[in-house]
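Please open the model in your viewer and keep the sequence panel beside it. The tour below moves from one selection to the next, and at each stop it says what is there.

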Amino acid sequence: MKGSFMEPLDRIDVKILRALQAEGRLTNAELAERVNVSPATCHRRTQRLFDDGYITGVRAEVAPASVGLGALVMVGVVLDRSTPESFAAFESAVLELKEVLDCNLVAGDFDYLLKIRVRDIADFNKLHGQKLIALPGVRQTRTFFVMKEVKEDARLPF
């Protein structure tokens with residue numbers, strides 16, 4: 001039952017999660033050795049962590065500049081209405097924008113905070129003028145160009 005979190009985590013499960021979060025390319029044998037269980041036990045436990053939704057995926061981290069996406073931009077978005085329908089319309093549309101890495105509904109000065117990767121300022125200007133301000137219900141945006149990434153994709157602190 002994905003996402004149910006029915007079975008509580010024990011110390012072995014937590015060790016598996018920490019090890020995979022630090023280094024997702026570990027083989028089952030390497031992981032089993034690190035958490036001090038047999039490979040069969042490790043495989044069964046890891047599969048349960050996937051099945052129960054504790055682990056949502058494994059992927060490679062690509063250096064953005066290496067693929068021509070060196071500019072990181074944060075955009076605060078204010079919608080013209082705060083209704084379930086306007087939120088749903090905005091969220092559905094923003095899911096279609098490949099440049100948007102993260103979209104979070106937030107409390108405070110904005111309704112949403114977007115994390116966007118583009119080539120450069122000109123690329124962002126085009127995205128903003130053609131797509132962002134045309135998203136459903138957008139009344140206002142505030143743009144923040146990231147000057148330096150101090151901490152990125154930190155591991156969960158458990």
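What follows is a walk through a predicted model, beginning with its strands and ending with its cysteines.

**Strand S3 and its partners**

Begin by selecting residues 112–118, which make up strand S3. Of the 7 residues in this strand, 6 are buried, so S3 is largely enclosed by the rest of the structure. Next add residues 71–79, strand S1, which pairs with S3 in the antiparallel sense over 7 bridges. Then add residues 100–105, strand S2, which also pairs with S3 in the antiparallel sense, here over 5 bridges.

With these strands displayed, centre the view on Lys-115 in S3, which stands opposite Met-74 and is also the bridge partner of Asp-102. From there, follow the chain between S2 and S3, where 6 residues separate the two strands of a hairpin; Gly-108, in the turn, has a positive phi of about 125°.

**The nonpolar cores**

Which residues touch the most other members of the largest nonpolar core? Select Val-75, Val-77, Phe-90, Leu-114, Ile-116, Phe-124 and Leu-132, which hold that place in a core of 19 residues. At least two residues of this core come from each of S1, helix H4 (84–94), S3 and helix H5 (121–130), and S1 gives the most, with 5 residues.

Now keep Leu-114 and show its surroundings: leaving aside residues up to four places away in sequence, its contacts include Val-73, Val-94, Val-100 and Cys-103, and Asp-102 is also among them. A second, separate core has 12 residues, including Leu-17, Leu-26, Ala-32 and Ile-55.

**Two residues with positive phi**

Move next to the loop between helix H2 (28–35) and helix H3 (39–51), and select Asn-36 there. Although Asn-36 is not a glycine, its phi is positive, at about 65°, and the residue is exposed, with a relative accessible area of 68%.

Then go to the segment after strand S4 (138–145), where Asp-153 is found. Asp-153, a residue other than glycine, has a positive phi near 50°, and with a relative accessible area of 53% it is exposed.

**The cysteines**

For the last stop, select Cys-42 and Cys-103: are they buried or exposed? Cys-42 is buried, with a relative accessible area of 0%, whereas Cys-103 counts as partly exposed at 30%. The structure holds 0 disulfides.

Methods:
Residues are numbered from 1 along each chain as its sequence is written. This is a predicted model: local features need pLDDT of at least 70, side-chain atom pairs count only at pLDDT 80 or more; totals for chains, interfaces and linings use all residues. Side-chain values use heavy atoms; hydrogens and water are left out. Buried means under 20% relative accessible area, exposed over 50%, partly exposed in between (1.4 Å probe, protein chains only). Helices (H or I, at least four residues) and strands (E, at least two) are DSSP runs, numbered from the N terminus. Two strands pair if DSSP finds at least two bridges between them. A disulfide is a pair of cysteine sulfur atoms within 2.5 Å. A nonpolar core is a set of buried Ala, Val, Leu, Ile, Met, Phe, Trp, Tyr and Cys residues joined through side-chain atoms within 4.5 Å. Contact means heavy atoms within 4.5 Å.
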